[in-house]
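Here is a friendly walk through one protein chain, from its domains to its core. Please have a look at the structure before reading on.

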Amino acid sequence: MVDRLQVSNLTLNNNFSSRSFDNLSDDELKKSGYNPLPFEGKLDQIEKVQDALDEAGFIPEPLIESEVRWFYESLGIDDVYFARESVQGIVSHIHALYSAKLESYSRGENENPTLQHKREADDHAVYFDSSDPKSPQFKLINYEERIDDRYLDHVVDSPGYRLESFSSAVGNVRCYFVYKCSFPKAAASAAESESLDLTKISDATFLKICSDHTKRLYSEIINDVAAVDGPIIKHFGIKSTGEHRVIIGYRQNSSPRYNSALTSLCQFYGLKVTRKYVEQFSNGISIISMYITPPDAGDSSFIQFPIDQVVKEASLLYTIPHNIFQEEFAKGELSIQECIYAHCGVIFVTHFLNRLGAEYQSLLEILDPNKNLLHFEILSKIKDRLRTETFTQDYITEVFKKQTPLVKKLYRSFADVHYINSKLEKTLSYKRLEAIEPIKSESDFENLLNHACSQNQRHALILRALFSFNKSILKTNFFLPSKIAISFRLEPSFLPALEYPNKPFGMFFVVGSEFRGFHIRFRDIARGGIRIVKSRSVENYNVNKRNLFDENYNLASTQQRKNKDIPEGGAKGVILLDPQAQERPKECFIKYIDSLMDLLLLDHQDKSNGIVDLYNKPEILFMGPDENSAGYVDWATLHARKRGAPWWKSFFTGKSQTLGGIPHDEYGMTSLSVRAYVNKIYEKLDIKDLSKITKLQTGGPDGDLGSNEIKLSRDESYVAIVDGSGVIVDENGLDKAELLSLATKRLMVDQFDRTKLSPNGYFVSVDDVDFKTPDGKIITNGTVFRNTFHLKIADVFGKDRLKLFVPCGGRPNSIDANNVHFLIDENTGKSYIPFIVEGANLFISQAAKIQLEKAGTVLFKDASTNKGGVTSSSLEVLAALSFDDEGFLANMCLDPKTGVKPEFYQEYVKQVQKVIVANAENEFESLWALNKETGKPLSDLSNDLSIAINDLADQLSSSEELWNDDLSFRNAVLQDALPPLLLEKIGIESIVKRVPVNYLKALFATRLASRFVYTRGIDANPARFLEFISSLKREYKSRGL
């Protein structure tokens, strides 16, 4: 091992390990690290090139030799290019560059002519450029961005590429050479494809020309990258020359245009990149190696501060390499920190600028949505239109650019709070901050605003929203030295009450290079799925972007109502993929989760010294799968464990059984609660002969809810099922055995054996056109028929045929106030469907539910019926928190080798199923009684019940007196709430010790609140509650708790 002193004598600011400099001399260090193989035919090639140029006759004969010598000797091109390029190829490049010189001379550019030339193919490309990086010509062609887009940021399954870039010593010509990689034969196994051995993962040319020292450096980088999710940035300077080398490793395609952005960063600080190599390896890792000198090669002292700054900012740049303000950065008008702050600010303002105004408030007072549900839907549509037609993201961006001085001041205010000055006082970024006059107060900001925007109140409105962004930030990872996306914990009081009447408890805002995302929770302890939103087109993306936060808010709010029986309140996360990232959901999910963990692990990681925590309380988020994210849950669980999160076992539900997950579909958890409501309807109405119950179901046997509803159904007669493949109909009843077979195999109804249909039965595919039914009707379009079948039941079955409708799938608001009339007889006002149990989330709008109930339907809404899944997930979380790691692995995790489930796990699942059914039956009984007592619609009562339980639980969880004064009662409530199997296995003492106190408080409060409301009603007056507590204590005493 080389002595560390020897390394320090050779290098400056070296953060590589000393082993990478073993037995290295200063002479070796001065070399480029690449040793091009000598091209023995070079002189012969030069002669042929000169002859070809002479024959072409375009360049005057006296100039041919000088032009060829300039091309071969002055541009810094190594022999790899000449060995691989043909004579005709070189001739074409020399001709093109000579033409560019002539054109520049014609414009009067005699000293430094602008040369720009490219030639591209699938397997290689060549570019020459001498334009000033701040000039319009450079911006117009920007070859480095083009190389990124066409070659380096390739799709995962396409071949990799190498880039060699050189800057000439004379004339500042930048040369770029791109070559397709030639890797060893395809890996025979996953282990080989993830190899870290350079000889197995490198391009053949790289292995031939790369020095042993460079291979050691790259091997160190590759091994480090394999252990993290973000970039590895290392550097060293060479004492004898003053040159610095910055070597960055990262996962391919994880940060589009990162290569070109790094060049812009060096240019911002006046540094010259004399050489750059980009190497892509077959295991998915890329390395960028930059050779950097100051503008004056003899001034090695100049370089120190900028190199430190480049290394620091390369990490920030990785998060959003191509931001909205890239042009302002390239021109030196904004630093990279200011650009990325402004980029995040534009996105924040786009989503949270209050655009409704006083006129909407006046309309709200006239059309009261609380009294008329039709008014509610009209106002919702007006709100959507107002948001669409006012401030766009492009307009907000232009305002930021026009108001750059004020944006810089707002960045200063942000940095004054969240920069940790003691560590950054000597950096260039801190010196830049000192030069900006700070905003001292809100009144100071308003004075600045009045001065800058006196003639434009729209500009003022936008900048006030950016100011509110600053005020709302409680913590951010913006200044962490290592991160892969930017995350902010926000205090949500900035949300306008007019648009968001129920203020969330907490909110996170995340911005990455290819996505934006939010996470909302309505309680400190809350849980909900993470939804990845994809877009079919740019137009669809713009719609999704406009609705993103509202969708997140509404989903979390619905979850809050649904979670009334469990400790966790409602939460939801959303990730919107940018248009160019539709095939990269996992990469965006990884960045979203990791950046959130930066803000959650402040007490459990070294990185916390880079975060100012104004919230100053521990936080835990409980998450689960949702649309497009189910496949990444195991990664998130293991990543939390890798990062040292003490709550890694409970971080995500929906994980595989080898990690202690309880799959809802395998055990029918969600369907159990839906089915409990169906069974209770039969019980209350004394329906004995279920064969007379004809049933429609949306959501087929391929889905979780649909398949398990079929399996749990009793003797009902299915007359139609709608799923993604189409509609299957048989008024005489679909064959139950065949449906069970499809449900077991999780197949769509297009796989139904048509021989088992009656003469009146038929299947209409979404692809069918002009389909003729057995009774002679023509269905012109199968997709339209599928999408609207639930509205055509009177046409298909008659007015009195269908008895039960259980939506188990379908789009939100498939039935709303505008189409619900299709389900109601216009003559009698009577609904065509006696019973509806809404399994699918938000399938029927609230206004439509009320109209159906008024028309005689017994209807139970999703927030009541579809809570089996959340109950199962909550008890999965509880088990994960209660066990230590060893006990969790032994009792809750399937053995991956044998596939055997622990006995405890199997019994615990049975207890979870019992709890789901009991909770559903308790709520049903309460709703049924309240409906009979008050006459209010069940759909309204479901909301009232949720609000009553949640409000009471919130009050109880904040009561220190109730929690601390009577410990025996507190423990009795906890024992009543905890599954008996957990108590038997672990014991109340260990559970109380291991489970976070705020979670136990939520469990305690929810148990009391739900039992009170279900047994005493929604009127929580103090006298009734005290009587309830007294009776509960007597009960616990009799049970020995």
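## Domains

In this predicted model, the domain assignment divides the protein chain into domain 1 (10-18 + 29-334), domain 2 (477-648), domain 3 (669-866) and domain 4 (868-1039).

## Where domain 2 meets domain 3

Let us turn to one pair of domains. Domain 2 and domain 3 have C-alpha centres 35 Å apart, and five residues of domain 2 are in contact with seven residues of domain 3.

Together the two domains bury about 460 Å², with 46% of that area on carbon and sulfur atoms. On the side of domain 2 that touches domain 3, four residues are charged, one is polar and none is nonpolar. The count of salt bridges between domain 2 and domain 3 is nevertheless zero, while three residue pairs are in polar contact across the interface.

## Nonpolar cores

The largest nonpolar core has 212 residues, and the members touching the most others are Tyr258, Phe400, Phe478, Phe488, Phe589, Ile593 and Tyr908. Phe400 makes a good place to zoom in: beyond its neighbours within four places in sequence, Phe400 is in contact with Phe325, Ala342, Gly345, Val346, Val349, Val407, Ile462 and Leu466.

Another core, of 54 residues, lies apart from the largest one and includes Val91, Ile94, Phe128 and Cys210. In soluble globular proteins, nonpolar side chains tend to be buried together.

Methods: Residues are numbered from 1 along each chain as its sequence is written. This is a predicted model: local features need pLDDT of at least 70, side-chain atom pairs count only at pLDDT 80 or more; totals for chains, interfaces and linings use all residues. Side-chain values use heavy atoms; hydrogens and water are left out. Domain bounds come from an automatic or database domain assignment. Contact means heavy atoms within 4.5 Å. Buried area is the accessible area (1.4 Å probe) that two parts lose on being put together, summed over both. A salt bridge is a side-chain nitrogen of Lys or Arg within 4 Å of a carboxyl oxygen of Asp or Glu. A polar contact is a pair of N or O atoms within 3.5 Å; within protein, one must be able to donate a hydrogen and the other to accept it, and residues adjacent in sequence count only if both atoms are side-chain atoms. Ala, Val, Leu, Ile, Met, Phe, Trp, Tyr, Cys and Pro count as nonpolar, Asp, Glu, Lys and Arg as charged, and the others, Gly among them, as polar. A nonpolar core is a set of buried Ala, Val, Leu, Ile, Met, Phe, Trp, Tyr and Cys residues joined through side-chain atoms within 4.5 Å. Buried means under 20% relative accessible area, exposed over 50%, partly exposed in between (1.4 Å probe, protein chains only).
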